[in-house]
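Trainee: Hi, could you walk me through this model one question at a time?

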Amino acid sequence: MTAISDPQSVAALAAEAVDNRVNLDFETEGMTLNMGPQHPATHGTLRIIARLDGEQVISAEPMCGYMHRGYEKLTEVRTYPQINALINRIDWLGSFANEVPFILAAEKLMGVEAPPRAQWIRTILFEMSRIANISLFLGDFGLQLGGMTAGFYAFRDREWVLNQIESATGGRFHPNFDRIGGLKDDLPKGWIESSHTAMDKLLAFCDELEDLLVGNEIFQARTRGIGVIPAEIALSYGLSGANLRASGVDWDLRRDNCPPGLVYDKADWKVWTHPDGDCFARTWVRLQETREAAKIVKQLLDTIPSGPVMAKVPRIIKVPEGEAYVATENPLGEMGYYVVSKGDLVPFRVKIRSASFNNISIVPWVARGAYVPDLISILGSLYFILGDIDR
Amino acid sequence: MTLLLASFAPPYWLSTLIKVLVVSAVVPTTALILGMVFLFKIMSWMQSRLGPQEAGPRGTLQLLADGVKFLQKEDIAPNGADRWVFKVAPLVVLMSTLLLYVALPASMHLVVADLDVGVFFVLAISSLSVIGVLMAGWASASKYSLMGALRAAGQLIAYELPMVLAVIGVVIQAGTMSLNGIVLAQNDGSIFGWGGIGFPYILTQFVGFFIFIAAVQAELTQPPFDMPVAESEIVSGYQVEYTGFRFLIFFLAEFATAFAFAAIAAVLFLGGWAVPWLPTSSDWYYVLGPIVLFAKVMVVAFIIFWVRFTYPRFREDQLQSLAWKVLIPLALVNIVVTAVLKVVL
């Protein structure tokens, strides 16, 4: 990827593409199509410079940084609880999932463990934010392929999960609920029953969406065989999450490398993979994951232990000197925080490994030779959140 | 009143003036009705949301409010644009829509020009709009616009053919190319001697109806064939540089054309302005004709918009292969079968 701070190289790239006679048979000139930073399909401020031969993409260059907010630097001047509120905004559709790996890294450095009830609720909320995130993807991908209605259904039924998250944490999008050593509050009364209802609604939504969109012939024509990523390429570009599993790699941090503090081993669930590696496989894997997440939530709701939700931690949190990296399987893929502490109120350095940044790095490889509409399918199915790319 | 209308024979200048006024009043009205009923209300009902609520009773005046808003906007032409062509293009699109309405019969005599070759005329005129689209795309000096316009041109070539071929079956069966003649043939016809519902051609020409509706979707650049204006790919295509009332004209033309095509489908396949229980020679059709036609148009428009709201969009090459490999052969088979049966029966 080219750095945005280098306008000369961007201009040179564009000029070169215009001059190139890219199609030698017809002697036609190439065209440079600038998609974004304001473009409906990039849902955010991603810019893609595509060199085209007719409608065929010769090369596509994603350029990020239009939404860079400097989170890694900001963390160096904020205390740990303050950082928790900040990093909610990285992947804004699955906010709670952003908090968890950071809190777990801090807990690991401090040697604190949250009480079992807090671990259970953490996992439930983690999976709920996964559902909130991915169910919107399913609708939004339909929207990008021209099927409007799926988008509205997704917005309607995502509301069930958001309401649950809101009633438990007080925040619809940015809960800021996780604490070092536990959670801010216990669950409200009647929350477990209403969560069961919400999960049932979500499972029904998945069925409905499968009928409306994923099973649709036009949708399959637009996604099957498009943007195929073989397993070894996916691994070499550092893809993670559903994008990697759709290429047939059976890899899920929730099962393989679950950090202490999350209780995925207490539920019976399955990691879905798909051998094809195309846009359809990525959509299908995400659809199955939404169902699995709902199943995990339903099982954990039935087995929540009683007890406190907060361990004994000092009022003023000073993290002892040391380094820790904790990564979890977030809705978009592997999300990890490498926290270096010098024993201060604030961390010395935090490196955020967010999934979307790696996931879109494969765009130049996979977009080559695709048509412009396929580029939309590929971008849509790779599923990035701009805040997760730029941080 | 009906007798009064029947004996109404104004001088040439007056009848011309009336016809001009009627067409220029009907076109925006139909666009408003379709936009309001389908784009706002039915669409929001299908997508489980409320739709416009505030402007007028139950939000019925929302589109008027939007129209007024468009009129207030600045008329911008981009810097690199071919200004004259850029400004004329929406009018060319609207012109083809206006001309479509000239041949549409709302009853035996409520028609601006009762052409002997009405079918031929409407199909030929409808393809003129692509000239305006090409002009808009070329003159906008935007790559997205140009791609949209070229997609529209390619789509037109692919979809005029199946549309024309689909209609030929009806023409063979009716034995006339006059739209009024086709209405009469359907309503005065009978199914093996039983004239209970006349003989609407959808019963025999259902293949033609299906192909016609599919081609209409492509002609109107609606999903699943909305590649020329695909928002998520080429940011509304040839319309992207237009503002204010020039954009409004595109919108008007699109919905008025949708209404016109629904009316053509109603005339060709559903019996047009007549109901079989009232003889077509009745003077009541001066009043009933437009109402009956409107009801049938709404049924066809519902199908068109239902598909529009439900399906994702094809890719350009998939559209071409659907047109050339599926629809055109199917239409040709339909013509052959119709011709054979016409001779045999």
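Trainee: Which helix lies across S6 and S7 of chain A, and at what angle does the helix run to S6(A)?

Mentor: Some ground rules to begin with: this is a predicted model, where local features need pLDDT of at least 70, side-chain atom pairs count only at pLDDT 80 or more, and totals for chains, interfaces and linings use all residues. Residues are numbered from 1 along each chain as its sequence is written, while chains are lettered from A and ligands numbered from 1 in the order in which they are written. Helices (H or I, at least four residues) and strands (E, at least two) are DSSP runs, numbered from the N terminus, and angles run from 0 to 180 degrees between N-to-C directions, with axes fitted to C-alpha atoms, for helices over the stretch in contact. The one lying across S6 and S7 of chain A, at about 150 degrees to S6(A), is helix H4 (residues 95-110) of chain A.

Trainee: In what order do the strands of the sheet with S6, S7 and S8 of chain A come, and which ones stand at the edges?

Mentor: The 3 strands form an open, antiparallel sheet in the order S6-S7-S8, where two strands pair if DSSP finds at least two bridges between them. From one strand to the next, the twist averages 10 degrees. Each edge strand has a single partner, so one side of each is left without a neighbour in the sheet, and these edge strands are S6 and S8 of chain A.

Trainee: How many bridges pair S6(A) with S7(A), and how many pair S7(A) with S8(A)?

Mentor: S6 covers residues 322-330, and a hairpin of 2 residues joins S6(A) to S7(A). As examples of partners, A:Glu329 is bridged to A:Glu334 in S7(A), and A:Tyr338 to A:Lys351 in S8(A). The antiparallel pairing of S6(A) with S7(A) has 9 bridges, and that of S7(A) with S8 (residues 349-353) has 5 bridges.

Trainee: Is strand S7 of chain A largely enclosed or left open by the rest of the structure?

Mentor: A residue is buried if 20 or more other C-beta atoms, placed from the backbone, lie within 10 Å of its own, exposed if 12 or fewer, and partly exposed in between. In S7 (residues 333-341), 7 of the 9 residues are buried, so the strand is largely enclosed.

Trainee: What about the sheet with S1: how many bridges join S1(A) to S2(A)?

Mentor: That open sheet has 3 strands in the order S1-S2-S3, with antiparallel pairing. S1 and S3 (56-63) of chain A are at the edges with a single partner each, so one side of each lacks a neighbour in the sheet. A:Met35 stands opposite A:Ile48 in S2(A). S1(A) and S2 (residues 47-53) run antiparallel and are joined by 5 bridges.

Trainee: How do chains A and B compare with the globule rule, and what is the radius of gyration of each?

Mentor: The radius is taken over C-alpha atoms, and the rule is 2.2 Å times the number of residues to the power 0.38. Chain A, with 16 helices and 8 strands, has 391 residues and a rule value of 21 Å, so being close to that value, it is as compact as a globular protein of that length. Chain B, with 13 helices and 0 strands, has 345 residues and a rule value of 20 Å, and is likewise close, so it is as compact as a globular protein of its length. The values are 22 Å for chain A and 21 Å for chain B.

Trainee: Which element gives the most residues to the side of chain A that touches chain B?

Mentor: Two residues are in contact if their C-beta atoms, placed from the backbone, lie within 7 Å; here 26 residues of chain A meet 22 residues of chain B. Elements giving two or more residues include strand S1 (31-35), helix H5 (116-144) and helix H6 (148-169) of chain A. The one that gives the most, with 5 residues, is H6(A).

Trainee: Which residues touch the most other members of the largest nonpolar core?

Mentor: A nonpolar core is a set of buried Ala, Val, Leu, Ile, Met, Phe, Trp, Tyr and Cys residues joined through C-beta atoms within 7 Å. The largest has 223 residues, with its largest share, 20 residues, coming from helix H11 (residues 244-269) of chain B. Beyond four places in sequence, the contacts of B:Ala262 are B:Val297, B:Val300, B:Ala301 and B:Ile304. The residues you asked for are B:Phe259 and B:Ala262.
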